[in-house]
Amino acid sequence: MRKLLKKIFLVDLFQGLWVTFRNQNPKYIYTEQYPAERPKVAERYRGAPRLNINPDNGETLCISCNLCALACPETLIVVTSARSEVTKRKELITFTYDTSRCMFCGLCEDACPVDALELTQDFEMATYTREGQIWDRQMLEEGPKPTQYKC
Amino acid sequence: MPDQTFLDSTELVLNMGPQHPSTHGVLRVILKLDGEKVLGTECIIGYLHRGVEKIAENRTYAQFNPYVDRMDYVAAISNGLGYCLAVEKLLNVEAPPRAQAVRVILTELNRIASHLLWLGTHALDIGAITPVFYCFREREEALKIFEKYCGARLTTHAFRIGGLLYETYDGFEQDIRDFCNMFIPKVDEYEELLTNNRIWVARLKNVGVLNADECKEYGVTGPVLRAAGVKWDLRKAQPYSGYEKYEFEIPTCQNGDTYDRYTVRMEEMRQSIRIMRQAVESIPEGPIMGKVGKVVKPAVGEAYVSIEAPKGELGYYIVSDGSTQPYRCRVRPPSFVNLQALDRMIHGGLIADVVAVIGTLDIVLGEVDR
């Protein structure tokens with residue numbers, strides 16, 4: 001009898017509707033207004049790669065040891081270097097990083113002995129061309145410059 | 001010319017997928033129909049084949065680690081754990097206790113995230129739209145913990161061979177505790193929405209029945225097996241990564257229908273919370289990386305390790321020829337094996353049940369095709 005009454009008065013459906021009604025409360029709003037309001041990504045976020053430069057003299061920290069290129073599973077890093085006549089040290093000439101093939105695993109970052117290559121918190125890396133995905137040394141040092149929108 | 005005309009034929013062949021939204025990816029099912037009744041099915045897989053096992057043969061052991069995340073991409077951490085354990089077995093090292101505890105916490109958190117995605121999409125297939133929003137809201141909290149811990153939300157690459165690379169961040173324990181406290185009332189909320197709902201019950205009860213013997217014949221594992229009443233969980237049967245230290249139940253049901261699988265998975269989420277609560281209170285101090293050299297170079301040999309992934313038994317079989325690259329890496333994916341039971345489950349059912357049964361198997365096509 002009780003079961004029948006419950007069935008007639010749609011108890012089970014109202015029980016569910018009560019849950020959805022409770023969640024209508026505006027304090028549970030979860031939507032992020034993305035371009036106007038950017039999410040705060042975590043400190044360890046593995047995003048766009050960056051080649052760090054020494055802030056004092058603007059020289060690159062990279063010692064062109066090629067370890068990142070060897071560690072990369074996709075072999076998308078190409079480092080070229082030449083021995084300098086003056087200092088007798090290896091100096092970086094080009095550093096190419098193909099972000100279109102990158103899966104942001106962070107193995108290059110782990111391999112770098114001088115913390116020159118780093119995956120940063122930047123995550124807006126879209127470009128209009130495929131070529132734009134291949135980052136050269138200048139792009140890696142400056143980082144991506146996404147458009148800022150005001151709300 | 002055949003004597004039979006179109007009007008005489010009783011069997012209609014219908015393609016479901018590969019773009020059908022409720023096949024959870026790119027599964028193509030050829031349905032043989034008599035009206036609304038399903039006479040037989042045939043699964044066409046391989047639309048997402050990326051050759052992961054072959055890729056393994058051309059990568060070093062450490063380099064292959066991020067690729068395993070891309071097989072079952074909703075439970076990437078479980079995949080990583082299985083692979084790391086297999087290589088550790090090959091190297092004959094063991095992760096330090098602290099690393100093991102953190103691994104257990106993150107794997108259980110991933111189990112919850114995976115089951116939440118399953119619940120949301122499964123309910124969406126059946127026709128209940130609300131749970132998907134609630135489930136993704138809670139899943140977001142779990143993904144935030146992953147992001148804080150290792151820097152990625154989905155394809156995490158959280159574990160390394162021999163232990164962990166990342167030390168836990170400040171406030172990790174508190175985040176886990178907060179998640180546990182927040183999550184239990186939310187599971188009750190989902191149950192309130194679905195468990196007694198008459199449409200939900202009518203769509204799921206006695207649909208896609210697979211009894212215990214059939215489960216064993218097909219090699220089906222995970223919640224699908226436990227819903228048929230078999231108390232089999234690799235975390236209890238052959239504990240790995242310190243699971244023997246934690247107390248938890250193996251939830252089982254009797255009928256082995258779609259509703260029972262739902263019940264089992266809901267209960268599993270509660271048990272995961274229970275494990276996480278115990279583990280987070282007892283994370284030992286100490287190193288997080290075992291004695292593994294910079295270059296992973298195991299001796300000639302082979303190793304098979306299987307773990308209890310959210311979807312079932314996930315096994316890695318690795319053969320080493322003594323070089324830095326695996327000679328062969330074979331994966332035993334739970335989704336692929338569970339999918340084989342699909343035909344048995346929906347034979348004689350209705351066409352609307354196909355969607356429910358595919359949903360309840362909790363397949364991920366990235367893992368089926370590899």
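Two strands count as paired here if DSSP finds at least two bridges between them. With that in hand, the hairpins of this predicted model are easy to walk through, and chain B is a good place to start.

In chain B, strand β7 sits in the middle of a run of two hairpins, with β6(B) before it and β8(B) after it. On the β6 side, residues 301-309 of chain B pair with β7, residues 312-320, through nine bridges, and the two strands run antiparallel. Just two residues separate β6(B) from β7(B) in this hairpin. To pick out one pair, Ala303(B) has Ile318(B) of β7(B) as its bridge partner. On the other side, β7(B) is joined to β8, residues 326-332 of chain B, by six bridges, again in an antiparallel arrangement. Here Tyr317(B) faces Arg330(B) of β8(B). The link between β7(B) and β8(B) takes five residues, and Gly322(B) in that turn shows a positive phi of about 85°. As a general reminder, strands of a sheet pair through backbone hydrogen bonds, either parallel or antiparallel.

Stepping back to the whole of chain B, the count is 15 helices and eight strands. The radius of gyration of chain B is 21 Å, and the globule rule also gives 21 Å for 370 residues, so chain B is as compact as a globular protein of that length. The C-alpha trace of chain B covers about 75 × 50 × 35 Å along its principal axes. Of the 370 residues in chain B, 60% are buried. Contacts tell a story about sequence distance too: among those in chain B with a separation of 6 or more, 71% are between residues 24 or more positions apart. What chain B exposes comes to about 14,300 Å², with carbon and sulfur atoms supplying 54%. As for charge, chain B carries 42 positive and 49 negative side chains, and the centres of those two sets are 4 Å apart.

A few single residues of chain B are worth a look. Ser241(B) has a phi near 50°, a positive value in a residue other than glycine. This serine belongs to the loop between α10 (234-237) and α11 (258-281) of chain B. With a relative accessible area of 9%, Ser241(B) falls under the 20% cut-off and is therefore buried. Arg370(B) is another case of positive phi outside glycine, at about 55°. Arg370(B) comes in the segment after α15 (365-369) of chain B, and its relative accessible area of 9% makes it buried. Gly46(B), by contrast, counts as partly exposed, at 39% relative accessibility. This glycine is in the loop between β3 (37-44) and α1 (52-57) of chain B. Measuring tape in hand, so to speak, Gly46(B) and Pro251(B) are 205 residues apart in sequence, and their C-alpha atoms are 33 Å apart in space.Chain A has a smaller set of elements to follow, with five helices and five strands. Read from the N terminus, they come in the order α-α-β-α-β-β-α-β-β-α. The radius of gyration of chain A is 26 Å, whereas a compact globule of 151 residues would have one near 15 Å. Its C-alpha atoms fill a box of roughly 95 × 35 × 30 Å along the principal axes. Buried residues account for 32% of the 151 residues in chain A. Of the contacts in chain A between residues at least 6 apart in sequence, 64% join residues at least 24 apart. The accessible surface of chain A amounts to about 10,600 Å², and 56% of that belongs to carbon and sulfur atoms. Chain A has 20 positive and 20 negative side chains, with the centres of the two sets 13 Å apart.

Chain A also has a sheet. Three of its strands make up an open sheet, in the order β2-β3-β5, with antiparallel pairing. The edges are β2 (77-83) and β5 (134-135) of chain A; each has a single partner strand, so one side of each is left without a neighbour in the sheet. Seven bridges tie β2(A) to β3, residues 90-98 of chain A, and these two strands run antiparallel. Within that pairing, Val79(A) stands opposite Phe95(A) of β3(A).

Conventions. Residues are numbered from 1 along each chain as its sequence is written. Chains are lettered from A and ligands numbered from 1 in the order in which they are written. This is a predicted model: local features need pLDDT of at least 70, side-chain atom pairs count only at pLDDT 80 or more; totals for chains, interfaces and linings use all residues. Side-chain values use heavy atoms; hydrogens and water are left out. Helices (H or I, at least four residues) and strands (E, at least two) are DSSP runs, numbered from the N terminus. The radius of gyration is taken over C-alpha atoms; the globule rule is 2.2 Å times the number of residues to the power 0.38. Buried means under 20% relative accessible area, exposed over 50%, partly exposed in between (1.4 Å probe, protein chains only). Contact means heavy atoms within 4.5 Å. Accessible areas come from the Shrake-Rupley method with a 1.4 Å probe; for residues, only the protein chains shown count as cover. Lys and Arg count as positive and Asp and Glu as negative; His and the chain ends are not counted. The place of a charge is taken as NZ of Lys, CZ of Arg, CG of Asp or CD of Glu.
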